[in-house]
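Me: I have not looked at this structure before, and I would like to be led through it by questions and answers. Please show it to me before we begin.

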Amino acid sequence: TNSPPHDSIKSKTLEHGFPHQPSALGYSPSLQLLAIGTRSGAIKLYGAPGVEFMGLHDENAAVTQVHFLPHQVELVTLLDDNSLHMWTLKAHKGLSELLEIGRFTLTGPPGAPPSVTRVTAVLAHSSGELLLLGTEGGHVFIVEVPGFRELEERNISLDQVASSVPDDYIGRRNLEHVETLQENPVDPNQVVIGYGRGLMVIWNLEKQQAIQHIPATQQLESMWWTEDGGHLLSSHSDGSYCRWMAGGEDMNEEEEEKSDIPYGHFPCKAISKIIQLPTEKGPPFLLFSGGMPRASYGDRHCITVIHSKTHVALDFTSRIIDFFAIRDPSALVVLVEEELVVIDLQTEGWPVIQTPYLVPLHSSAITCSHHVSAIPLKLWERVLAAGDLQSKHYSKEPWPITGGQNLAPDPPQRDLLLTGHEDGTVRFWDASGVCLCPMYKLSTSGVFHTDADPNDNMNQGTEGEWPPFRKVGCFDPYSDDPRLGVQKIHLCKYSGYLAVAGTAGQILMLELNDEAAEHTVEAKVVDLLQGQEGFRWKGHTQLDVREEPVLFPPGFQPFTLVQCQPPAVVTALTLHSEWKLVAFGTSHGFGLYDYQQWNNVLVKCTLNPSDQLAMEGPLSRVKSIKKSLRQSFRRIRRSRVSLRKHHVNNAAELAEMELAPVQRKIEARSSDDSFTGLVRTIYFADTFLSDSSHNTPSLWAGTNGGCVFAYMLRLPAAERRTDELVTAQPAKEIQLMHRAPVVGIVVLDGHGAPLPEPLEVAHDLARSPDMQGSHHLVVISEEQFKVFTLPKVSAKMKLKLTAVDGSRVRRVGVAWFGSSRSEDYGESGLVVLTNQGDVHVVSLPTVKMQVHYPCVRREDVSGIASCVFTKHGQGFYLISPSEFERFSLSARYLVEPRCLVEVPFRTGSATQRRPQPDGVSSAHRYKSFCVSVFYSDLKPTISSKSAARRVMEHALLNDESEYRETEL
Amino acid sequence: MSRQHRTPLKLTDNVVEVKSKFEAEYRRFALKRNGPGGFQEFYRLLQTIHRIPGADVMLGYADVHGDLLPINNNDNYHKALSAANPLLRIIITKKEGEPVVFATNSLQRRKKGLGLTGLRTSVTGSTHSRSRPGLMIGMPQNFRQISSIIDVDILPETHRRVRLHKHGTHKPLGFYIRDGVSVRVTSQGVEKVPGVFISRLVRGGLAESTGLLGVNDEILEVNGIDVAGKSLDQVTDMMVANSHNLIVTVKPANQRNNVVHRGTKTSMGNSGSVGSAGSNNSALSHDSPSPASQSNPITASNSIAEGDSDDDDDDEDDDGDLILENDCLAPYDSHLVTNSNNTNLNRDSPGGRSHNPGAARPLPQSVSLPNSVGASLSDSSTALSNHNGNPAHMSSSSQESMREDGNIITL
């Protein structure tokens with residue numbers, strides 16, 4: 001009577017991480033919302049943790065500017081293609097959604113060059129009704145918003161301004177484009193127009209006339225009107241800034257009050273933005289970006305903060321996109337190309353405030369990821385505690401951006417996402433809710449000798465250095481040693497054991513320790529070749545292990561290390577914490593290691609003797625040489641041919657050459673193919689391997705060549721576990737006829753359900769597997785799903801995927817789908833991502849295709865490769881090096897933002913602030929972030945998704961049934 | 001095969017005259033053309049008639065073209081009976097020494113009259129220097145079907161459905177595909193749609209040797225699945241996944257070679273096929289009922305199966321998995337795995353098949369076994385153990401191999 005539990009399919013629900021290629025920053029002090037525009041045309045809004053909105057412009061153009069309308073819930077974006085877009089946060093059924101409500105492009109007089117209407121500066125007037133648009137041609141257009149109605153009579157043309165320019169202003173040369181527009185903070189009728197050439201004109205909007213001319217002679221970069229309206233600051237391309245008296249009665253006696261080149265003497269780069277903020281008592285803060293001496297520090301990305309006698313040049317990790325300060329001033333928010341950095345300006349030393357969202361996932365390139373659902377509270381708290389010790393240098397101040405209300409319920413469970421990185425670190429993320437929060441960072445490099453000094457702290461600056469640099473931010477893509485890269489991770493959530501395997505064949509076993517400890521880590525070298533001769537490893541060498549004791553901070557500490565020989569990348573890893581065994585595989589074979597006794601139990605070489613490539617190390621080089629040789633031969637042949645028939649039309653020949661289509665060879669796989677021995681998957685199971693009355697522990701491994709090896713394991717009784725040896729006996733070998741790579745192995749119990757994880761039953765968290773009925777083996781290859789009987793292996797059922805629709809399995813996971821209607825009903829299934837980017841759900845134990853829907857673009861190879869599935873039918877994949885997209889196939893488990901932003905209460909004061917909600921403090925930043933429904937009135941179905949997808953590529957999807965449920 | 005022969009006599013009754021020869025002795029008798037009984041009965045009858053009970057002999061007959069063809073199963077026995085007009089000439093030879101070679105032109109023919117004088121069981125040509133050396137025809141069990149044209153009766157004349165059998169040969173499939181533009185004539189007029197085409201044939205590859213596929217043939221279906229709308233990579237993967245038994249429906253670029261355009265072949269049924277012993281020169285003989293294909297038991301049986309659904313392929317595929325079970329807990333040694341002994345896992349009992357060497361199928365799967373493990377299960381050893389019904393390899397640790405319908409289980 002139950003309908004299939006995965007009947008409502010969710011598409012993308014959420015994006016985690018830092019937007020790829022941000023290009024614009026905006027902030028609304030009244031809404032306390034931050035907006036980021038990207039080069040791909042996305043607009044993302046962030047407020048309090050959990051308050052997130054996303055929108056996407058239909059135009060595939062970069063967002064160059066974002067401006068909130070003061071005291072409104074609207075914002076305007078300017079795109080690369082000179083179009084302006086109006087967005088609003090519309091409340092719907094108690095939740096807000098981000099909607100585009102209008103678009104506009106300036107049209108000049110007929111015949112005018114496009115530069116006349118090319119927008120270079122935007123000012124959202126404090127009235128909330130006007131938009132001033134400065135253009136490349138030097139004009140200022142005034143537009144009424146939100147309807148985008150041009151007020152032609154109020155436009156400020158270049159001629160109007162130029163006519164009143166003082167004669168002595170360098171011969172009244174061309175004023176150039178409008179660089180910036182600023183409103184007088186105390187008189188909304190006054191705006192200052194800054195022209196590229198340097199001239200600044202204070203203009204009265206009401207009287208439509210110039211009040212004052214400020215004849216700066218350096219190329220203008222930015223302007224700032226001080227809060228009292230009394231002064232203007234201008235910054236210039238030569239690295240100088242000037243302070244001017246504003247609003248002087250005498251139009252001709254304005255004077256340059258102060259001019260300074262802060263990093264002077266030698267030529268400096270431009271100061272691209274300058275702001276000055278008063279403090280309640282004491283001197284103001286002066287902040288500016290750039291201005292560094294061109295020759296010596298021209299490559300630095302700096303923002304200088306000067307307050308009283310404190311002067312710091314904050315040195316960022318990547319190019320500065322924009323920055324703003326939250327008034328008090330309490331915090332400086334800086335968007336750089338690769339991260340968002342918030343600096344606490346109230347605390348001594350100006351520490352960084354840890355961001356609850358927009359965290360740069362890619363601070364070192366992500367090399368793998370691993371998801372663990374439903375973490376026990378104890379482990380969760382211990383990981384958090386270890387992480388808190390690591391974040392001592394962060395500010396204690398709460399997150400300063402607090403707009404919107406988070407209405408989502410608490411996440412149903414604690415989920416961990418672990419990412420492995422190129423620099424040998426493993427980062428732990430709280431993936432339970434909308435915000436992907438950093439919890440803890442583990443570094444494995446300390447175990448090895450590397451060129452880098454692990455004590456090299458980024459925050460150390462030498463005394464007396466000028467400019468006074470201070471490094472901020474965590475983006476650090478430079479790996480000292482690529483061999484450290486983490487390739488596979490396996491965490492047992494019950495025991496706290498963690499296995500981390502890397503590029504140079506290293507497998508580290510770690511356990512959680514709440515205290516710091518100092519010890520040596522002994523390495524056990526495992527020869528996977530087993531004396532196979534005639535091979536030469538041409539790849540990297542294995543890592544050198546530190547022989548002296550290493551001090552490990554509280555957290556996960558390595559206690560034993562396996563190093564594979566040859567030191568090839570570890571391609572498969574699994575851990576059985578109950579048996580205290582870890583199994584691993586590389587392109588040469590696989591091994592089983594007893595981490596209780598620190599003893600290697602089994603080594604099996606899977607190499608095909610004819611497979612030279614696997615032996616020679618990193619394949620790309622070998623392959624590319626082969627390829628380039630082939631290509632150059634082809635070129636030679638081609639040129640000979642063309643020489644011979646030189647008289648024929650060369651152009652036609654060229655066209656023919658270029659039009660030569662891609663060809664694909666149709667050939668059956670053979671055992672001689674390269675990397676057939678590469679171990680793709682490895683699996684532990686307690687099942688019936690030899691006879692149907694006794695179940696035994698077993699180890700299963702599947703290779704690239706379609707071969708499955710099964711070993712029966714004999715474990716000593718618990719009381720003799722430390723003394724007696726674990727043994728492994730070969731039991732079965734299956735060579736799949738179709739020879740496709742084996743990507744997954746699962747054993748099903750007598751009820752047809754996948755066997756539980758180790759210790760899951762012991763912790764009463766899973767039903768014990770049915771040992772009465774007969775077990776089945778499911779082998780998932782890239783092409784087929786096959787069910788075999790056990791203990792006698794014979795094929796029972798299968799599903800051919802590739803033969804039928806030409807797609808191949810890239811990622812596979814086992815997931816439990818709870819019904820959205822019935823609490824206790826659910827079923828297990830296989831979740832599969834294909835090379836076509838489609839997600840399929842395959843039922844167990846019948847291996848029938850249930851549903852499938854497009855998920856990742858098929859061209860997005862790295863996105864497909866990065867996909868991980870959760871145990872509850874959700875998934876993550878990288879949509880850029882820095883962002884995870886989250887999707888859900890489950891009706892019950894769904895994480896989406898649910899939040900509300902109210903129209904600010906207008907008091908008439910420009911500096912009105914909303915009180916900060918209680919309870920948002922960095923100390924419990926991980927709690928209570930929740931989920932929300934966006935676009936709940938959209939009901940995309942799988943079939944009609946393309947229409948929805950166009951709009952919703954980066955947004956959230958939902959349907960009504962889901963909406964009802966999550967609203968409860 | 002273009003050789004002329006005498007106009008068949010009009011048959012007035014259902015009796016076949018049989019003239020059988022064993023060594024120097026001739027026997028003449030009559031058989032009912034549609035009488036009951038099969039090859040085994042006929043074999044015993046001949047043994048009785050020639051008074052050679054128990055002798056291991058081989059039977060051959062002279063077909064209408066004068067070719068010496070074997071009789072070793074019901075199919076070619078009935079074929080021989082039906083082909084007699086009215087005389088059926090049987091040649092019995094002892095099975096010993098050098099194998100008999102059946103071949104075209106192996107019997108000398110007289111242009112006039114059908115009297116057979118110089119019967120030989122080996123290739124001739126020395127006595128008749130003017131006649132071309134005949135095409136070699138191996139024993140039936142040496143034949144492997146490598147390709148066939150199927151579903152001629154249900155496909156449009158412009159299409160061709162070709163089945164390639166990878167199992168029968170070590171050759172690579174040997175062709176490349178590319179994207180292209182297909183021109184379709186619709187009610188709206190001519191329409192250009194993306195299509196997938198054969199771009200290249202590898203010299204000496206299976207595809208080329210069949211002669212059934214050509215460059216620029218458009219691929220329409222792969223194993224019954226329409227490729228329209230699929231990317232080149234998808235079609236590639238589909239073909240590779242089906243490579244053990246690939247059925248491609250093509251629209252040949254050269255429409256003049258179509259089966260249907262070459263005379264009436266209704267008597268052929270819906271299937272023409274090419275048998276080859278691995279040589280390349282069998283190309284383009286598919287439209288003629290060559291003696292090899294007609295007399296080949298494999299061809300005959302497969303031709304019937306071809307009309308069936310994919311289930312056949314499924315079975316073949318499943319059975320192709322090589323499963324090695326080593327339940328005795330002997331220390332692991334990669335060499336011993338294939339020879340390890342455990343007899344309690346009889347997946348499919350070999351049954352009576354092992355007593356029937358004549359009907360043994362020619363082990364189509366064996367050549368596709370993985371080299372690493374399959375090498376020890378070579379054709380000869382498995383065939384021996386199969387046919388003799390007892391383990392052939394007593395050497396290492398009494399190995400028993402069983403094989404049924406292509407399954408291989410080493411116990």
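The turns below go through confidence, an annotated span, the cores, some strands and one residue.

Me: What ipTM and pTM does the model score?
Reply: This is a predicted model, and the scores belong with it from the start. For ipTM and for pTM alike, the value is 0.74.

Me: Which strand of chain B has the lowest confidence?
Reply: Chain B averages a pLDDT of 63, and 48% of its residues score at least 70. Two of its stretches stay under 50: residues 1–11, with 14 contacts beyond four places in sequence, and residues 260–318, with 94 such contacts. Where pLDDT is low, the predicted coordinates should not be read in detail. Among the strands, confidence is highest in β12 (residues 218–222) of chain B, at 93, whereas the lowest mean, 30, belongs to strand β18 (residues 409–410) of chain B.

Me: How far apart are the end C-alpha atoms of residues 260–351 of chain A?
Reply: UniProt, in an unreviewed entry, lists this span of chain A as "domain: Lethal giant larvae homologue". The span is 51% strand and 4% helix, and its end C-alpha atoms are separated by 28 Å.

Me: Which residues touch the most other members of the largest nonpolar core?
Reply: The elements of chain A that give two or more residues to this core are β22 (271–277), β23 (285–290), β24 (301–307), β25 (310–316), β26 (320–326), β27 (331–336) and β28 (339–344). A second, separate core of 35 residues includes A:Trp700, A:Leu748, A:Leu755 and A:Val793. In the largest core, which has 36 residues, those that touch the most other members are A:Val305, A:Phe316, A:Leu332 and A:Ile343.

Me: Leaving aside its neighbours within four places in sequence, what is A:Phe316 in contact with?
Reply: A:Phe316 is one of the residues that touch the most other members of the largest core. With neighbours within four places in sequence left aside, its contacts are A:His301, A:Ile303, A:Val334, A:Val336, A:Val341 and A:Val472.

Me: Which residue in β15(A) stands opposite A:Asn184?
Reply: Strand β14 (residues 178–184) of chain A is mostly covered, with five of its seven residues buried. It pairs with strand β15 (residues 187–195) of chain A in the antiparallel sense over six bridges, and a hairpin of two residues joins β14(A) to β15(A). Opposite A:Asn184, in β15(A), stands A:Asp187.

Me: Why is one side of β36 and of β40 of chain A left without a neighbour in the sheet?
Reply: The open sheet has five strands in the order β36-β37-β38-β42-β40 (chain A), with mixed pairing. β36 (486–491) and β40 (523–527) of chain A stand at its edges, so one side of each lacks a neighbour, because each has a single partner strand.

Me: What angle does the direction of helix α3 make with that of β38(A)?
Reply: Strand β38 (residues 506–513) of chain A pairs with strand β42 (residues 555–565) of chain A in the antiparallel sense over eight bridges, and A:Asn513 has A:Gly555 as its bridge partner in β42(A). Helix α3 (residues 377–390) of chain A packs on the sheet and touches β38 and β42 of chain A, its direction making with that of β38(A) an angle of about 100 degrees.

Me: Does A:Thr444 count as buried or exposed?
Reply: A:Thr444 is found in the loop between β34 (437–443) and β35 (469–471) of chain A. Leaving aside neighbours within four places in sequence, A:Thr444 is in contact with A:Gly424, A:Leu484, A:Val500 and A:Leu508. Its relative accessibility is 4%, and since buried means under 20%, A:Thr444 counts as buried.

How values were computed:
Residues are numbered from 1 along each chain as its sequence is written. Chains are lettered from A and ligands numbered from 1 in the order in which they are written. This is a predicted model: local features need pLDDT of at least 70, side-chain atom pairs count only at pLDDT 80 or more; totals for chains, interfaces and linings use all residues. Side-chain values use heavy atoms; hydrogens and water are left out. UniProt positions are given in the numbering used here, feature names are shortened, and annotations may be inferred rather than shown by experiment. A nonpolar core is a set of buried Ala, Val, Leu, Ile, Met, Phe, Trp, Tyr and Cys residues joined through side-chain atoms within 4.5 Å. Buried means under 20% relative accessible area, exposed over 50%, partly exposed in between (1.4 Å probe, protein chains only). Contact means heavy atoms within 4.5 Å. pLDDT is the predictor's confidence in each residue, from 0 to 100. Two strands pair if DSSP finds at least two bridges between them. Axes are lines fitted to C-alpha atoms, for helices over the stretch in contact, and angles run from 0 to 180 degrees between N-to-C directions.
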